[in-house]
Structure formats: C-alpha cells, structure tokens
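User: Hey, I've just opened this one and I'm new to it. Can you walk me through it?

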Amino acid sequence: MPIPLEIPIEPTDQPARETVLTWVRHWIINGTLQPGEIIRDSEIAERFGVSRTPVREALLQLRFEGLVVMKPKGWTQVKPLELGQIENHLRVVDELEG
C-alpha cells in the first residue's frame with residue numbers, strides 16, 4: 001500500500017489513535033485506499049512515527065464502522081464493495097443529482 005504523503009508531520013494534541021483513525025478513514029472514503037487493498041499497520045506506524053498499538057486500535061474502530069475487514073493474525077484490508085452497495089450508492093447519487 002502506498003501511504004500518501006499528506007500526513008501532518010508536526011505533532012498534534014489529539015491521541016495518536018485518533019490522528020491515525022482520521023487519516024486512514026479519509027483515505028478510504030476519498031478512494032486513496034481502494035476496496036480490497038491491504039493495509040499494513042507497520043507502514044502506517046512508521047509514517048506517523050507511532051507504535052503499532054494506536055494503529056491497530058484505529059483499524060479496529062474502522063472494522064467496527066464497516067470500512068475494513070480483518071483476519072486475526074493475518075491481514076487488514078479495505079472492505080471490498082458488494083454489488084448491492086454499489087447499486088445503493090448509485091441510487092443516492094442519482095437522487096442527489098436529479
């Protein structure tokens with residue numbers, strides 16, 4: 001997974017978990033991280049300059065939100081889109097634009 005460079009380098013006053021959660025969620029929603037793409041917690045931890053623990057906590061929250069799927073002691077990936085979801089999204093877009 002190529003990690004975007006648009007990460008704030010300077011420290012913030014929010015917990016590391018929240019910073020990671022905000023950015024990874026943003027990348028999933030805007031399409032930077034594509035459905036089915038593997039997310040490597042070690043790469044994210046290194047880029048943010050944090051331990052893997054806050055990254056794992058953020059990924060667990062994203063799993064709860066339905067944005068990622070996790071295989072225990074395996075991988076984390078952006079949740080693949082299902083056909084029904086795509087149809088629902090297209091209906092919403094159609095209503096908003098119509």
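Analyst: Sure, here's a quick tour, starting with the basics. This is a predicted model, where local features need pLDDT of at least 70, side-chain atom pairs count only at pLDDT 80 or more, and totals for chains, interfaces and linings use all residues. Residues are numbered from 1 along each chain as its sequence is written, and side-chain values use heavy atoms, with hydrogens and water left out.

User: Cool. How many helices and strands does the protein have?

Analyst: There are four helices and three strands. Helices (H or I, at least four residues) and strands (E, at least two) are DSSP runs, numbered from the N terminus. Going along the sequence, the pattern is α-β-α-α-β-β-α.

User: And what share of the residues is buried?

Analyst: Buried residues are 27% of the 98 in the protein. Buried means under 20% relative accessible area, exposed means over 50%, and partly exposed is in between (1.4 Å probe, protein chains only).

User: Let's do helices. How do α2 and α3 cross?

Analyst: The axes of α2 (residues 41–48) and α3 (residues 52–64) come within 9 Å and cross at roughly 120 degrees. Axes here are lines fitted to C-alpha atoms, for helices over the stretch in contact, and angles run from 0 to 180 degrees between N-to-C directions. That makes α2 and α3 oblique to each other; under 35 degrees counts as roughly parallel, over 145 as roughly antiparallel, 65 to 115 as roughly perpendicular, and the rest as oblique.

User: Which residues meet there?

Analyst: From α2 you get Asp41, Ser42, Ile44 and Ala45, and they meet Arg52, Val55, Arg56 and Leu59 in α3. Contact means heavy atoms within 4.5 Å. The residues of this α2–α3 contact split into four nonpolar, one polar and three charged. For those classes, Ala, Val, Leu, Ile, Met, Phe, Trp, Tyr, Cys and Pro count as nonpolar, Asp, Glu, Lys and Arg as charged, and the others, Gly among them, as polar.

User: Tell me about aspartate 41. Buried or exposed?

Analyst: Aspartate 41, in helix α2, counts as buried because its relative accessibility is 15%.

User: What does its side chain hold on to?

Analyst: Two arginine side chains: arginine 52 through a polar contact of 3.2 Å, and arginine 56 through one of 3.1 Å. A polar contact is a pair of N or O atoms within 3.5 Å; within protein, one must be able to donate a hydrogen and the other to accept it, and residues adjacent in sequence count only if both atoms are side-chain atoms.

User: Switching over: what about α1 and α3?

Analyst: The axes of α1 (residues 16–29) and α3 come within 8 Å, crossing at roughly 50 degrees, so α1 and α3 are oblique to each other too. Among the residues making the contact are Val20, Leu21 and Val24 of α1 and Ala58, Leu59 and Leu62 of α3. By class, the α1–α3 contact has ten nonpolar, one polar and three charged residues.

User: Now the strands. Where is glutamine 77?

Analyst: Glutamine 77 is in strand β3 (residues 76–78). A polar atom of the glutamine 77 side chain lies 2.9 Å from the backbone oxygen of glycine 36.

User: And how far is isoleucine 38 from glutamine 77?

Analyst: Their C-alpha atoms are separated by 4.2 Å, with the two positions 39 residues apart along the chain counted as their spacing. Isoleucine 38 is in strand β1 (residues 38–39) and is partly exposed, with a relative accessible area of 28%.
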